[in-house]
Amino acid sequence: MPSALAPTEKDKAPELSAYRDQRFSGSIKEQERMLNKSSTLYVGNMSFYTTEEQVYELFRRAGDVRRVIMGIHRYTKTPCGFCFVEYYSRDDAENAIRYIGGTRLDDRIIRTDWDAGFVEGRQFGRGRHGGQVRDEYRRDYDPGRGGWNKEIAMRQAAH
């Protein structure tokens, strides 16, 4: 399999993935326009124990980080496995997607994706129980993401 950074490979860092934020307040066309000029990344699959300092230290290797916004549980205000990383330039954000996405942070393979830009309130988990939606559907035990999902944990506590 050729390396993701092989000189003959097409550079996919500037391209948009199929993911779109379903709660974006504008049209799909407007969202895609913003994604194509954005210097903000969504970072997912993080450990609940990863700190803002760890994220900053890793992502500053790709360029000049403006700020890191940690995703937090809506009710407990504890980390819930995602963050936003804002860069000063699109080129630096592309470098982060190119070189950091798919690497390990706190023993987890993180994923990076373009974000249309952080808006206050998006730092909160969107799941029914206040965390991330994907954790509510997880069926396995994941110590880096708080153990069992909330539904399974509640059923186990009842027994």
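**Entry 1: Asn45**

I started in the loop between strand E1 (40-44) and helix H2 (52-59), where Asn45 is found. I kept in mind throughout that this is a predicted model. I looked up the backbone of Asn45 and noted a phi near 65°, a positive value in a residue other than glycine. I then asked whether Asn45 is buried or exposed. Asn45 counts as buried because its relative accessibility is 16%, and buried means under 20%.

**Entry 2: Asp107**

I went on to Asp107, whose phi is also positive, near 65°, in a residue other than glycine. Asp107 lies in the loop between strand E4 (104-105) and strand E5 (108-109). I looked up its accessibility next: the relative accessible area of Asp107 is 65%, so I entered the residue as exposed.

**Entry 3: Gly102**

I found Gly102 in the loop between helix H3 (90-99) and E4. I recorded Gly102 as partly exposed, because its relative accessibility is 45%. Which residues does Gly102 touch, not counting residues up to four places away in sequence? I listed Ile109 and Ile110. I also checked Gly102 against Asn45: the two are 57 residues apart along the chain, and their C-alpha atoms are separated by 10.0 Å.

**Entry 4: nonpolar cores**

I turned to the largest nonpolar core, which has 24 residues. I wanted to know which of these residues touch the most other members. They are Leu41, Val55, Phe59, Cys83, Val85, Tyr87 and Ile110. I then noted the elements that give two or more residues to this core: E1, H2, strand E2 (65-72), strand E3 (79-87) and H3. I also logged a second, separate core of seven residues, and Phe48, Cys80, Phe82 and Phe84 are among them. For context, I wrote down that nonpolar side chains tend to be buried together in soluble globular proteins.

**Entry 5: Cys83**

I picked Cys83 from the core list and placed it in strand E3. Is Cys83 buried or exposed? I entered Cys83 as buried because its relative accessibility is 0%. I looked up its contacts, leaving aside neighbours within four places in sequence, and found Leu41, Tyr42, Val43, Met46, Val55, Val68, Ile69, Met70 and Gly71. Two of these names, Leu41 and Val55, I had already written down with Cys83 in the core list. For one of the contacts, Ile69, I took the backbone separation as well: the C-alpha atoms of Cys83 and Ile69 are separated by 5.5 Å, with the two residues 14 apart along the chain.

Conventions
Residues are numbered from 1 along each chain as its sequence is written. This is a predicted model: local features need pLDDT of at least 70, side-chain atom pairs count only at pLDDT 80 or more; totals for chains, interfaces and linings use all residues. Side-chain values use heavy atoms; hydrogens and water are left out. Helices (H or I, at least four residues) and strands (E, at least two) are DSSP runs, numbered from the N terminus. Buried means under 20% relative accessible area, exposed over 50%, partly exposed in between (1.4 Å probe, protein chains only). Contact means heavy atoms within 4.5 Å. A nonpolar core is a set of buried Ala, Val, Leu, Ile, Met, Phe, Trp, Tyr and Cys residues joined through side-chain atoms within 4.5 Å.
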